[in-house]
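User: I should like to learn how to read the features of a protein model in a systematic way. Please take me through them in turn, with the general idea before the case at hand.

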Amino acid sequence: MDTNDIIALVISALEDVKGQHIETFDVKDLTPVTDAMIICTGTSNTHLKALSDEVVVKAKAAGLDVNGVEGRLQAEWVLVDLGSVIVHLMMGATRALYRLEDLWDFRLEPEDRKMPRDNGED
């Protein structure tokens with residue numbers, strides 16, 4: 001599978017378990033570690049665990065290697081390493097605090113980099 005196929009698989013898995021505010025970043029020109037990062041918000045610790053489990057199950061079913069899953073016990077921020085794609089699953093408050101979008105998205109001007117607010121509509 002190429003990176004775009006893995007991204008599509010991950011997004012499908014996250015949508016199946018109602019992940020919120022899913023964003024994808026092409027970082028292959030910014031870091032040698034990975035080609036893409038996906039950030040997704042979960043609504044609870046249990047939701048984050050379900051999101052990570054779904055990504056892992058679908059990745060393995062597609063024949064992908066899962067290099068690691070970190071943070072699942074604390075479940076405030078879970079990272080799933082699929083090699084060319086890194087998936088960050090975060091609680092809303094954690095995502096707002098660390099603002100990974102600001103580190104990896106150079107398309108926006110600094111004043112335009114704001115976290116989407118979760119207004120409870122989905």
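Analyst: The dialogue below proceeds from the overall fold to the sheet, the cores, the salt bridges and the backbone. The model is a predicted one, in which local features need pLDDT of at least 70, side-chain atom pairs count only at pLDDT 80 or more, and totals for chains, interfaces and linings use all residues. Residues are numbered from 1 along each chain as its sequence is written, and side-chain values use heavy atoms, with hydrogens and water left out.

User: How many helices and strands are there in the protein chain?

Analyst: Helices (H or I, at least four residues) and strands (E, at least two) are DSSP runs, numbered from the N terminus. The protein chain has 4 helices and 5 strands, and their pattern along the sequence is α-β-β-α-β-β-β-α-α. A contact means heavy atoms within 4.5 Å. Of the contacts with a separation of 6 or more, 53% are between residues 24 or more positions apart.

User: In what order do the strands of the open sheet lie?

Analyst: Strands of a sheet pair through backbone hydrogen bonds, either parallel or antiparallel. Two strands are counted as paired if DSSP finds at least two bridges between them. Here, an open sheet of 5 strands has the order E1-E2-E5-E4-E3, with mixed pairing. E1 and strand E3 (68-70) are the edge strands, each pairing on one side only. From one strand to the next, the twist averages 15°; axes are lines fitted to C-alpha atoms, for helices over the stretch in contact, and angles run from 0 to 180 degrees between N-to-C directions.

User: How many bridges join strand E4 to strand E5?

Analyst: Strand E4 (residues 77-81) and strand E5 (residues 85-91) run antiparallel and are joined by 5 bridges. Leu-79 stands opposite His-88 in E5.

User: Which strands do H1 and helix H2 meet?

Analyst: H1 packs on the sheet and touches E1, strand E2 (36-42) and E5, its direction making about 5° with that of E2. Helix H2 (residues 45-61) lies across E2, E3, E4 and E5 and runs at about 165° to E5.

User: Which residues touch the most other members of the largest nonpolar core?

Analyst: In soluble globular proteins, nonpolar side chains tend to be buried together. A nonpolar core is a set of buried Ala, Val, Leu, Ile, Met, Phe, Trp, Tyr and Cys residues joined through side-chain atoms within 4.5 Å. Buried means under 20% relative accessible area, exposed over 50%, and partly exposed in between (1.4 Å probe, protein chains only). Buried residues make up 39% of the 122 residues in the protein chain. The largest nonpolar core has 23 residues, of which Val-10, Leu-14, Val-55, Leu-82, Val-87 and Leu-89 touch the most other members. At least two residues of this core come from each of H1, E2, H2, E4 and E5, and H1 gives the largest share, 6 residues. Not counting residues up to four places away in sequence, Val-87 touches Val-10, Ile-38, Val-55, Val-78, Leu-79, Val-80 and Leu-82. A second, separate core of 7 residues includes Val-27, Met-37, Ile-39 and Ile-86.

User: How many salt bridges does a search of the whole structure find?

Analyst: A salt bridge is a side-chain nitrogen of Lys or Arg within 4 Å of a carboxyl oxygen of Asp or Glu. The whole structure holds 6 salt bridges. One of them joins Arg-95 and Glu-101 (2.6 Å, N to O); Arg-95 is buried at 0% relative accessibility, and Glu-101 is buried at 10%. Asp-16, Glu-54 and Lys-58 form one network through salt bridges that share partners.

User: How far apart are the closest N and O atoms of Glu-54 and Lys-58?

Analyst: Their closest N and O atoms are 4.0 Å apart. Because Glu-54 and Lys-58 are 4 residues apart in helix H2, about one helical turn separates them. In another salt bridge, Asp-26 meets Lys-28 at 2.8 Å between the closest N and O atoms. Asp-26 is exposed at 51% relative accessibility, and Lys-28 is partly exposed at 47%.

User: Where do Lys-18 and Arg-99 lie?

Analyst: Lys-18 lies in the loop between helix H1 (3-16) and strand E1 (20-26). Its phi is near 65°, a positive value in a residue other than glycine, and Lys-18 is exposed at 62% relative accessibility. Arg-99 is in the loop between helix H3 (92-98) and helix H4 (100-104). Phi of Arg-99 is near 45°, again positive in a residue other than glycine, and Arg-99 is partly exposed, with a relative accessible area of 29%.
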